[in-house]
Amino acid sequence: MKGSWLMQDVSVGAGGDAKKLLLERVSAEFRPGEITLLIGHNGAGKSTLLETLAGLRKLNDGSISLDGEPLWMGRKRNKLNRALLLSFGIAMQQSESQWFAPNAREELLYSLRPYKPSAEEAERRIQAALQSIGLQPDLLERDPWTLSGGQQRRLAIACLLACEPDWLLLDEPTAGLDADGTRRLCAILEAHRAAWRGAVVATHDLEALLPLADRVVVVRRGEVREAAPAEAALALAAAAPQALRAQALLRGTAALPPEAPAQRSGGAPWPTPRELAAELARERRRGGNRGGAGEPLAEAARNATAAASDTASAPAAASDTASAPADGKPETSGAARAQIERAVWLRPDYFDPRAVVLAYFLLSAFVLYLGSIKELAVGAIVVVAAAAPFSSIMRKWWKVLRGFAIVSIILLLIGGLSWSPLAFSWAKAEPAAVKLSQLMLIMVIGMPMLELMTPLRLQRAIQQTFGWMARIGIPIHSVGLLIMLIFRFIPLLGREWERFAKLAHARGKAASRLGTVPIRMLRVIFIPFVRSILRIAEEMADALEARGYGSMPAKPVYGFRVAFRRSDALMLGLAALGGFLLLIIIRLL
Ligand SMILES: Nc1ncnc2c1ncn2[C@@H]1O[C@H](COP(=O)(O)OP(=O)(O)OP(=O)(O)O)[C@@H](O)[C@H]1O
């Protein structure tokens, strides 16, 4: 691979939403024969940037190309360029997020599948990868989930190395590695560069990786701010501890002003955490901590405070340019701004779950009363009007509704067909159409319900309302627990499937639309998916047992109670009113 990786005006939204940008008009170039570090605060967007490079995030805008070839293909630019996918490997931040096979060997073989090596070649590559990252071959038969954190990190890197990609995209590769592992990783990166291959590494571990870097890219609030040769920063901070090195690096990248952050006393060559805290407080008083000229200084103080305390407590620890702001709140990044802001009354702790469930049953009963397509059409208008205020929290369910609508139409077409002669009879299809439309409307009513309460609040509501049943021998606490678990488990299935879809792209090199698993991969993925769900269920059972759910006391003590308030009564009243209006309208029709 001779050419560079180019990002041009790339914007990426949370879940593809253009209004909530995680990366904003990012342009950057990553060259082969270079190691580029991505640095920045927690939540700045480094992982997002890496995943975007790897085609794991859909672009809202801009383009990405490697060696002159576009990463995204097709008219709608929703298909990945498979040839490019094979030229890089990505190791994500949490190594455990990539496991699904029963043992380490299967994991390595899964990564190798897209490259179609012969059995001998695969074995050679596996052994070479294990050796360079320092893993014993006897680990190959172990379940990856049972390996230590550092061993898992090494295995994740081995999975990449076995594929011998031109580009390595590494997210926090030194996290959890011991000194030997870090040394080996650095040697691997150096060998990679010597072979005129490229690496992009998101890290907070400047201590280990800065000396290797050819370039440093500062990611901040979803924007790539500056890139500068690492040598400049190193020259400034040659013999400095982490605190100074971190500041020098940021100055080298123009993320900080060139002057020293504070006039120091005591003759120490770098500021103490106390001095920097005082400096930060001064900045605050000047009111310059947001947007003004004081911000970089405050930031310098924050960075160096954390780094200096790192130095004091653990000299070998990472010098962290991504320390949390001093006020303890996370940085208000473009990404953080992207978090879904909900109106107070849309939050899952606003309504009493009993009111939500009652309103749902009430509206569903009215829908079930509608017996013809004409009545259901009127019902649809009322339901859509009732659901409209919840549209922001219902968005993620659109796909489910669309899928249900498509399946319903197919079923109706099949149900209404007569074969000799071939004809479609609406009279034949109508009863099914009525049932399916009722189901659809009940689903539309139920979707906001799922978002308006948490499983725990629902469980608490059941226990509060029906707790007295326990005295007459009805296991109501177990019923509440079961309902809570079902509500927790359903979204978990979806999330686990999303993880598998991501693996199919990141490691299986699937070029299909993001979030989907190509049919040819289903065979490989289905059993591991079921196994993974069983593992999660087992972990959940262990957690419940550890919390004492197996031996519930006769009179449990609860941390909080749900309360029926005026807003709950109002919601119930509106649901009843909507239903009665519906009945009046259909009577008048
Ligand atoms: N799908 C998503 N929906 C909403 N927000 C998201 C999504 N994915 C990421 N984010 C947000 O984007 C921000 C950037 O996340 P990212 O993981 O890229 O940060 P980072 O720089 O790698 O942080 P760290 O140093 O902590 O690993 C975070 O605030 C995160 O919550």
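# Close-up views of a predicted model

**View 1. K509 is a buried residue in a loop.** With 22 C-beta neighbours inside 10 Å, K509 counts as buried. Welcome to this predicted model; we begin at the loop between α19 and α20, where K509 has its place. The backbone of K509 is worth a look too: its phi is near 60°, a positive value in a residue other than glycine.

**View 2. G508 sits in the loop between α19 (476-506) and α20 (519-546).** Is G508 buried or exposed? G508 counts as buried, because 22 C-beta neighbours lie inside 10 Å. Setting aside residues up to four places away in sequence, G508 touches R113, P114, L503 and M521. One of these partners is far off along the chain: P114 and G508 are 394 residues apart, and yet 6.2 Å separates their C-alpha atoms.

**View 3. The whole protein gives the setting for these close-ups.** The protein holds 21 helices and 14 strands. Of its 589 residues, 36% count as buried. Take the contacts between residues at least 6 apart in sequence: 70% of them join residues at least 24 apart.

**View 4. Helices α3 (residues 104-112) and α5 pack against each other.** Two packed helices are described by the angle between their axes and the distance between the axes. Here the angle is about 35°, and the axes of α3 and α5 are 8 Å apart. The crossing of this pair is right-handed. Which residues meet in this contact? From α3 come A104, E107, L108, S111 and L112, and from α5 come L155, A158, C159 and A162. Sorted by character, the residues of the contact of α3 with α5 are 7 nonpolar, 1 polar and 1 charged.

**View 5. Helix α6 runs over residues 179-194.** Its 16 residues reach 22 Å from the first C-alpha to the last, close to the 22 Å expected at 1.5 Å a residue. Which residues of α6 are buried? They are G181, L185, I188, L189 and H192. Looking down the axis of α6, you find these buried residues within an arc of 100°, so they line one face of the helix. Turn to the face away from that buried side, and you meet the exposed residues A179, D180, A191 and A194. The cover over the buried residues of α6 includes both helices and strands: α4 (119-133) and α5 (149-162) are among them, as are β3 (35-39), β9 (167-171) and β10 (198-202). Just after α6 comes W196, with a positive phi of about 60°.

**View 6. Helix α13 covers residues 353-369.** At 1.5 Å a residue, the 17 residues of α13 should span 24 Å, and the end C-alpha atoms are 24 Å apart, which agrees. Buried in α13 are P353, A355, V356, A359, L363, F366 and V367. Around the axis they cover an arc of only 160°, which puts them on the same side of α13. What covers these buried residues? The cover includes α14 (373-387), α17 (426-451), α18 (455-466) and α21 (566-588).

**View 7. K428 is found in helix α17.** K428 counts as partly exposed because it has 14 C-beta neighbours inside 10 Å. Residues up to four places away in sequence aside, K428 touches G415 and G416. G415 is 13 residues from K428 along the chain, and the C-alpha atoms of the two are separated by 6.9 Å.

**View 8. E69 belongs to strand β5 (residues 69-70).** How many C-beta neighbours does E69 have inside 10 Å? There are 13, so E69 counts as partly exposed. Beyond its neighbours within four places in sequence, E69 is in contact with N81 and L84. N81 lies 12 residues from E69 along the chain, with 8.3 Å between their C-alpha atoms.

**View 9. D9 has its place in strand β1 (residues 5-14).** Is D9 buried or exposed? D9 is exposed, because 12 other C-beta atoms lie within 10 Å. The phi of D9 is near 45°, a positive value in a residue other than glycine.

Key. Residues numbered from 1 in each chain as written. Predicted model: local features only at pLDDT ≥ 70, side-chain atom pairs only at ≥ 80, totals over all residues. Helix = DSSP H or I, 4+ residues; strand = E, 2+ residues; numbered from the N terminus. Expected span 1.5 Å × (residues − 1). Buried ≥ 20, exposed ≤ 12 C-beta atoms within 10 Å, placed from the backbone. Arc of directions from axis to C-beta. Contact = placed C-beta atoms within 7 Å. Axes fitted to C-alpha atoms, helices over the stretch in contact; angles between N-to-C directions. Left-handed = near helix turned anticlockwise from the far one by under 90°. Nonpolar A, V, L, I, M, F, W, Y, C, P; charged D, E, K, R; others polar.
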